[in-house]
Amino acid sequence: MKRHNETTVSEFLLQGLPISPDQQGWFLMLFLVIYLTTVLGNLLIVLLIRIDSRLHTPMYFFLSVLAFNDVFLSSVTVPKMLVDMQSNHKSISYSGCISQLYFLIFFACTDNFLLAVMAYDRYVAICQPLHYTMIMRQERCILLVAWSWIFSFSHTLMHTLLSTQRSIMKRQNETRVSEFLLQGLPISPDQQGWFLTLFLVIYLTTVLGNLLIVLLIKIDSRLHTPMYFFLSVLAFNDVFLSSVTVPKMLVDMQSNHKSIPYSGCISQVYFLIFFACTDNFLLASMAYDRYVAICQPLHYTMIMRQERCILLVAWSWIFSFSHALMHTLLSIQVSFCGDITIRHFFCELTALLEVSCSDTSLNNLVIFIEGGMIVIIPFTFIMGSYICIWATVLKNPSARKFFKVLSTCGSHLLVVALFYGTIAEVYFFSSPAMSGAKEIAASVMYMIVTPMLNPFIYSLRNRDIKQALKLFANKVMFCKSNNLV
């Protein structure tokens, strides 16, 4: 580790426009007229599209969003520029500069995506006119705008957080660490051999079981349905979720010096959040799939078409990427002093923040608010889906249908309870009075045990998977017998 001095500033000086003093009056009037024309002209377009029902079409919907966005894009810089043209001291505060950077990138990036969306709208209107109303329906138009905002937010957040990695308005000594020490599992030395074998078996079962599920779904055409598509993505994700921490944990169980490099720790934080968050959204997508299959069976093939299934998975990855990136970049900003021992068996985010010697109130606030929304919204969606499912089943009660739905929903809800319950215990309901052993046990449940249970709960009890497994085994035996002959 090393120690160094760091200097930060409270404001920046702006050079301004390269205009001679005698020309500033003319340019001030010119830019003022341009700005007022931009604002009033774009707001007039929004108003006209709003009040005239003939303009309520996809093309004008995108145009109104673009016009509204352009008002904000101009307002980010032009008013400040006009004020500075009459001032000798052209300065901007640090927070104002970062805010200007954020909104400028966001609105410019949104303009970029909106222009692409409008080009797509014109392409469909001219090249596929007979399918235009079906393709460019209201739902898709709103979705395209939402995608533009989400991509712009992710892009802007990354650049803004990277720009705010330095401390504000102070000179300080900061300790940069090259590695962290891990406390490891709270296991006595005489029990480590048993636990090492146990976790190794669990990990191998998780990896082989989930990869087997992916393979069976891939090779059996009868399993090429939305339900099994989501299951294969979940199984593949669970392999990576376990692999982020378990191999390192197994190595540390045989080592006296349980350390991890700084870069390795930050990488572990990122990938753990990403794969855990993806699991979170995939469970919600699977609940939605079951809801459509039971509550809207006649429209199932139309609603859960391949395009929508891929879109749901893509949304899961995008949200997970943004969520993981934000927390990882925020964790890079904190500094560490003398105690670098993480009281966990891996670089868990809250445990990492506990050893920081800098102010982590922003990190904890983001974990509680943004992290809470990421967990609570999908969980509420899952519960709502199953309430609708049971309401549909109870309308026409049938013993066979009841037990079939109970078996399917019970398996899913068991994994949901394990996954969300342990995450809530670790991140939202933990307290200083809660022992570290209990937090570690909860982490083991959602990171190691739950991914292992998924193949058994979702698949090995499923008749279609059993038939695919039997067919696969017969093919393997047939190939072996031919090779022997």
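In which sense do strand β5 and β6 pair, and over how many bridges? In this predicted model, β5, which spans residues 179–182, pairs with β6 in the antiparallel sense, and the pairing extends over 3 bridges. The points below place that pair within its sheet, then turn to the helix lying across the sheet and to the largest pocket.

**The sheet**
- Strands β6, β5 and β7 form, in that order, an open sheet of 3 strands whose pairing is mixed.
- The edges of this sheet are taken by β6, at residues 259–261, and by β7, at residues 341–342, each of which pairs on one side only.
- Within the pairing of β5 with β6, phenylalanine 180 stands opposite isoleucine 260, a residue of β6.

**The helix across the sheet**
- Helix α8, made up of residues 262–295, lies across β5, β6 and β7, and its direction makes an angle of about 85° with β6.

**The largest pocket**
- The largest pocket holds about 1100 Å³ of space, and of the 39 residues that line this pocket, Leu143, Trp147, Ile150, Trp315 and Phe319 are the closest to its centre.
- Two or more lining residues come from each of α3 (94–127), α5 (138–163), α8, α10 (306–333) and α12 (361–395), so that helix α8, which lies across the three strands, also contributes to the pocket lining.
- The element that gives the most to this lining is α5, with 13 residues.
- By residue class, the lining of the largest pocket divides into 27 nonpolar, 5 polar and 7 charged residues.

Note on methods. Residues numbered from 1 in each chain as written. Predicted model: local features only at pLDDT ≥ 70, side-chain atom pairs only at ≥ 80, totals over all residues. Heavy atoms only, no water. Pairing = 2+ DSSP bridges. Helix = DSSP H or I, 4+ residues; strand = E, 2+ residues; numbered from the N terminus. Contact = heavy atoms within 4.5 Å. Axes fitted to C-alpha atoms, helices over the stretch in contact; angles between N-to-C directions. 1 Å grid on protein atoms, 1.4 Å probe; cavity = no way out; pocket = protein on both sides within 12 Å on 5 of 7 lines; lining within 4 Å. Points joined across faces, edges and corners; volume = space filled by probe spheres on them. Nonpolar A, V, L, I, M, F, W, Y, C, P; charged D, E, K, R; others polar.
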